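This report describes how the parts of one protein chain are held against each other. Please read it with the sequence and the model at hand.

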Amino acid sequence: MGCCLGGEDKPPPPPQQANHVPATDSSAGLDSAASEQPDASTPLTPSEIGAVIGKGGANIRQVESDSGAKVHIDKDSGQVRYTGSPNAVAHAQRLVQQIRSGAHAPPDYTGAEGRRLREAAWDLTRRRNQLKAESQALWQEGDKEGAHQVSVQAKAMDAQVDAAHAKAARVIFAHRNKGKALSFIDVHGLLVREAMGFLEERLASGQATLEIVYGEGQHSEDHHAHIKPQVLQLLAARRLRYQEKNLGSCIVQLG
């Protein structure tokens, strides 16, 4: 979404998480049978190279420690070579593939607490929607009194649903903007109405310029940007001058 999570009555799919690959050979390591083996898989992309190496080489050192093999990456070609026993090399290849797959996983837009609160909000939403569906079914069956009673229950949950999503939104917004200046706002991970609410507040904060990060929509459920067009429409309506920094953000002149 410009990370929109889709319609408010439709929770997003759960994030995919790579499983930890346990060591398969406790004695894996460089031994008399050690040899150098090229990786026949597709070369690493630049982003995958960075992910496998890790900050300060932390990831690649962990792979070598866990597997007992040595990993050699040609940063120009992306080719990977391994040195070690067959078992050690096989384990290192699995670990590298695990990291490689994780490099394409959606970013953490919400943080752990925001994700927990949002899931709870979606759970309330589903329960409320189920009651509405039950009410409609009863009405169609001719049980108007039963339909009314269930409908009252559903309407009573509306405020709970709104409050739960609002709480999740505040935590997610704080997660995305922690430590940032008021001249910057990131609305990833929010529903469109939430994102626009936070943006309206920031536009009124008296900043000379405002960088707005709304994303390209690559990780939205339907892979379309939902927040971005609403943001640009608002800026146009207010006749605010802006320049797109990239496909997922722009800088607005306010002063």
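Which side chains meet in a salt bridge at 2.9 Å, N to O? They are the side chains of E48 and R100. A salt bridge here is a side-chain nitrogen of Lys or Arg within 4 Å of a carboxyl oxygen of Asp or Glu.

The model is predicted, so local features need pLDDT of at least 70 and side-chain atom pairs count only at pLDDT 80 or more, while totals for chains, interfaces and linings use all residues. Residues are numbered from 1 along each chain as its sequence is written, and side-chain values use heavy atoms, with hydrogens and water left out.

## Overall architecture

The protein chain has seven helices and seven strands. Helices (H or I, at least four residues) and strands (E, at least two) are DSSP runs, numbered from the N terminus. Along the sequence, their order is β-α-α-β-β-α-α-α-β-α-β-α-β-β. Of the 255 residues in the protein chain, 38% are buried. Buried means under 20% relative accessible area, exposed over 50%, and partly exposed in between, with a 1.4 Å probe and protein chains only. Among contacts between residues at least 6 apart in sequence, 70% join residues at least 24 apart; a contact means heavy atoms within 4.5 Å.

## Helix α1 and its salt bridge

E48 lies in helix α1 (residues 46–53) and R100 in helix α3 (residues 86–102), so their salt bridge ties together parts that are 52 residues apart in sequence. E48 counts as buried because its relative accessibility is 4%. R100 is buried as well, with a relative accessible area of 10%.

The buried residues of α1 are E48, I49, A51, V52 and I53. They pack against α2, β2 (70–73) and α3. Just after α1, G54 takes a positive phi of about 80°.

## Salt bridges across the structure

Side chains of opposite charge can pair when their charged atoms come close. A search of the whole structure finds 11 salt bridges. Three of them are listed below.

| Salt bridge | N to O distance |
|---|---|
| E48 and R100 | 2.9 Å |
| D123 and R127 | 3.8 Å |
| K132 and D158 | 4.0 Å |

D123 and R127 both belong to helix α4 (residues 111–140), where they are four residues apart, about one turn of the helix. An α-helix has 3.6 residues a turn, so residues three or four places apart point the same way. D123 is partly exposed, with a relative accessible area of 34%, and R127 is partly exposed at 43%.

The salt bridge of K132 and D158 links distant parts of the chain: K132 is in helix α4 and D158 in helix α5 (residues 144–177), 26 residues apart. K132 is partly exposed, with a relative accessible area of 34%, and D158 is partly exposed at 24%. R128, K132 and D158 are linked in a network of salt bridges.

## Packing of helices

Two packed helices are described by the angle between their axes and the distance between the axes. Axes are lines fitted to C-alpha atoms, for helices over the stretch in contact, and angles run from 0 to 180 degrees between N-to-C directions.

Helix α2 (residues 58–67) packs on α3 at an angle of about 145°, with the axes 9 Å apart. N59, V63, D66 and S67 of α2 make the contact with A88, H91, A92, L95, V96 and I99 of α3.

Helix α6 (residues 192–203) and helix α7 (residues 227–237) pack at about 35°, with their axes 10 Å apart. On α6, the contact is made by V192, A195, M196, L199, E200 and L203, and on α7 by I227, Q230, V231 and L234.

## The aromatic pair

The structure holds one aromatic pair. It is formed by F173 and F198, which are stacked at 4.1 Å centre to centre with 0° between the planes. Rings of Phe, Tyr and Trp (its six-membered ring) pair if their centres lie within 6.5 Å; planes under 30 degrees apart count as stacked, over 60 as edge-to-face and the rest as tilted. F173 is in helix α5 and F198 in helix α6, 25 residues apart, and the pair links these distant parts of the chain. Both rings belong to buried residues: F173 has a relative accessibility of 12%, and F198 one of 17%.
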